[in-house]
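Me: Please examine one strand of this structure closely, together with the elements around it. State the cut-offs behind each term as it arises.

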There are 2 protein chains.
Amino acid sequence: MHLTLIYVGSTSEKFYEEACKEYEKRLCAFAGFKSVCVKEEKISDEGSSSAVEKALAAEEQRIKAAVPKGAFTCALCIEGRRLSSEGLAEKLSSLASSGVSSAAFIIGSSHGLSKSLKTGCDMLLSMSDMTFPHMLARVMLTEQLYRAFTIMGGKKYHK
Amino acid sequence: MHLTLIYVGSTSEKFYEEACKEYEKRLCAFAGFKSVCVKEEKISDEGSSSAVEKALAAEEQRIKAAVPKGAFTCALCIEGRRLSSEGLAEKLSSLASSGVSSAAFIIGSSHGLSKSLKTGCDMLLSMSDMTFPHMLARVMLTEQLYRAFTIMGGKKYHK
């Protein structure tokens, strides 16, 4: 299976990049993996809700352009479905069994994702009731994808 | 308020240490904060459940010794209460209002925490249905404590 992690906005915090790199490296032993950084629209802190909506719409276009053709799409958002690590492993496993060869996971900016993007996704996933910085969410998701494959492969990493 | 984060076992992954350091630094603008690393018992990968129990009991003693006298205690575990970031901020705020001046948060090793430690805590908290490496959980919790204070202070960090 080939996985794509699409995230909006880069980070100046090196430790997040390094943490992602570590789990990406481990993940590549099990699956194709690519992470794609999509440019974040700049909005001032006092941005009105219409300015935010406009920014999310622009980001939606960039995200859609980064989704591989025919990929199963999963957006991360607080209203999404909660899965355990084993549940995520089962989901990936059942996708693979049903012939899905590509899955894209999408993490928005601090303003989230547009409604229409979320509506169009095959699945919405929530990792926590808490709000995390999107770059920490990227580390968490990359680690969970790696963990999912160790669970599927019966490896010792997962406890 | 003074916060203590007690965690079992150190890490060789520098990016986790750096991420924690960054949020600890930010948190110190709002509250007293100390993180305490408690030695992890070594168990072989094939450790029996009694070996795990024995290790958790030894770790429990070290954790208890690290909890400041009179502190409110909160253990992180998957069966704990789920809170949003705002919910955690409210909890800390209500503790402060009721005169609690010290709170200790406890993260176990990959084997978790002993039952008796959890039973004795004032609160159990779950950040996710997913299992994260305990050092990533430490980053997540430190960030959430920092976020809680920005929420209480009406700062712009939280979205």
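Reply: The account below concerns strand β1 of chain B and its surroundings.

The model is predicted: local features need pLDDT of at least 70, side-chain atom pairs count only at pLDDT 80 or more, and totals for chains, interfaces and linings use all residues. Residues are numbered from 1 along each chain as its sequence is written, while chains are lettered from A and ligands numbered from 1 in the order in which they are written.

Strand β1(B) spans residues 2-8; strands (E, at least two residues) and helices (H or I, at least four) are DSSP runs numbered from the N terminus. Five of its seven residues are buried, so the strand is largely enclosed by the rest of the structure. Here, buried means that 20 or more other C-beta atoms, placed from the backbone, lie within 10 Å of the residue's own.

Two strands pair if DSSP finds at least two bridges between them. On this basis β1(B) runs parallel to β2(B), residues 32-38, with seven bridges, and B:His2 is matched with B:Gly32. The chain passes from β1(B) through α1(B) to β2(B) in a right-handed β-α-β crossover, that is, clockwise from the first strand over the helix to the second with the strands pointing away from the viewer. A parallel pairing of six bridges also joins β1(B) to β4(B), residues 102-107, where B:Ile106 is the bridge partner of B:Ile6.

Beyond bridges, B:Phe105 touches B:Leu3 and B:Leu5, among others, not counting residues up to four places away in sequence; contact requires C-beta atoms, placed from the backbone, within 7 Å.

Key:
Contact = placed C-beta atoms within 7 Å. Buried ≥ 20, exposed ≤ 12 C-beta atoms within 10 Å, placed from the backbone.
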